[in-house]
Amino acid sequence: MMSPVTVARQTPSAESVSKLFRTHFGRLPRVVASAPGRVNLIGEHIDYNGGEVLPIAISRRTWVVAALRESEKQTVLRAVSATEQEACEVPLKGAAKSGRWCDYVLGVAEPLLRRAAAELGDQLSLDVAVWSDIPPGAGLSSSAALEVASALAISSLLGHEMDARDAAMAAWRAETEFVGVACGIMDQFASALAREGYALHIDCETAETDHAAFSDTVLIIDSAVRRSLRDSRFNERKVECAEALSLLRQRWPSLVSLAAAEPDQVLAADLPQPLDRRALHVSRETRRVREAITLLRAGQPLTRELLVGSHDSLRDLYECSRPELDWLVQRAIGFPGVRGARLTGAGWGGCVIVVGDSASLQSAQVELARDYQSRFGLTPQLWSTAASPGARVERTG
Ligand code: GLA
């Protein structure tokens, strides 16, 4: 049996990704940008229901370097990645989704170049190299990080420094309109607007944000369960939530969102199953986020009640957990120094977060990994993170 691994991959950097660009395209890049993945501390399946969420950026990032090129004929995006087998060469005009990794770059690049064409001419092609240490498909927002870093790099190339909020929106539009994933705004906002040492509090109804100091360590455990059904189940939940809201509005027409419904209203509405469970999760979870933010603002840590309460609700009411994730949460909270644990991201696989102090998490992780592997025969990946910096342009010129 293979022993469980604590991940120690090569860390990408401005230098390594610039070198990849030089090797592949035979010239120097003009801009280097980077953007982090995220974990959500609490507030799951709340962003598309108009409530509040509380993510942090993680220490793993995606690096994007880029340069423009005058092209005689067709304008194209050429993109290469250190972690993807296949390089891409796709037209920018009339850009079409191909189902490949470079869709995330293309979905951001096409509208930016189209808008710049009036000023800079319409014969500009784009070369991009990418390097990321965010594992794809683990629910850590690797796609949001690629979109946000691309938005910053390409806008900087075009001479328009984008602010973080505009980068988040450009990334979110690429994800929803071009790639076609009907997600909420959390992932792109977290990657773009997070700050080192702080959790990002987002009101997803108004898109207003603020920051609250967060000094605990977060142990991320990638369960190695991948979610083939994830997208269909995610869309099914969105539809259920929309149905629950429209039923609640028959009684309370001014309800602005499902998250705005009080738990008592949800209970009183006597919704059909499973809409009653979905609505109750959303209503209670957004209130847990408010409690969490009150604690952080008072300099207090997050509590077990909030974190495990969120997990239990995702398991029982939203029904997006898995036995592997439930097991990890139960096992993790048995270790001294652990404040709480819960699944993070969409669920149906992916990652669990364990919140606590760094030394306790360090000593818990070897045992957790070993026992998980012998229980489920899956090799988890584990690493610790603090609340890390958001996206930035690293270098230009
Ligand atoms: C995915 C989506 C997010 C959010 C989470 C669940 O990560 O991309 O927008 O809905 O699921 O909280």
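The following dialogue concerns the ligand site and the domains of a predicted model.

In this predicted model, local features need pLDDT of at least 70 and side-chain atom pairs count only at pLDDT 80 or more, while totals for chains, interfaces and linings use all residues. Residues are numbered from 1 along each chain as its sequence is written, and side-chain values use heavy atoms, with hydrogens and water left out.

Trainee: Which domains does the domain assignment of the protein chain give?
Mentor: The bounds come from an automatic or database domain assignment. The chain is assigned domain 1 (14-214 + 388-396) and domain 2 (220-385).

Trainee: How many residues of domain 2 are in contact with domain 1?
Mentor: Contact means heavy atoms within 4.5 Å. Domain 1 contributes 37 residues, and these are in contact with residues of domain 2 numbering 44.

Trainee: Where does the ligand lie relative to domain 1 and domain 2?
Mentor: The shell around the ligand consists of residues near it (a heavy atom within 4 Å), including Arg38 and Phe234. Because domain 1 and domain 2 both give residues to this shell, the ligand lies between them.

Trainee: Which residue has a backbone N or O atom 2.7 Å from an oxygen atom of the ligand?
Mentor: A polar contact with the ligand is a pair of N or O atoms within 3.5 Å. Polar side-chain atoms of Glu44 and Asp187 each lie 2.6 Å from a ligand oxygen atom. The backbone atom at 2.7 Å belongs to His45.

Key: A polar contact is a pair of N or O atoms within 3.5 Å; within protein, one must be able to donate a hydrogen and the other to accept it, and residues adjacent in sequence count only if both atoms are side-chain atoms.
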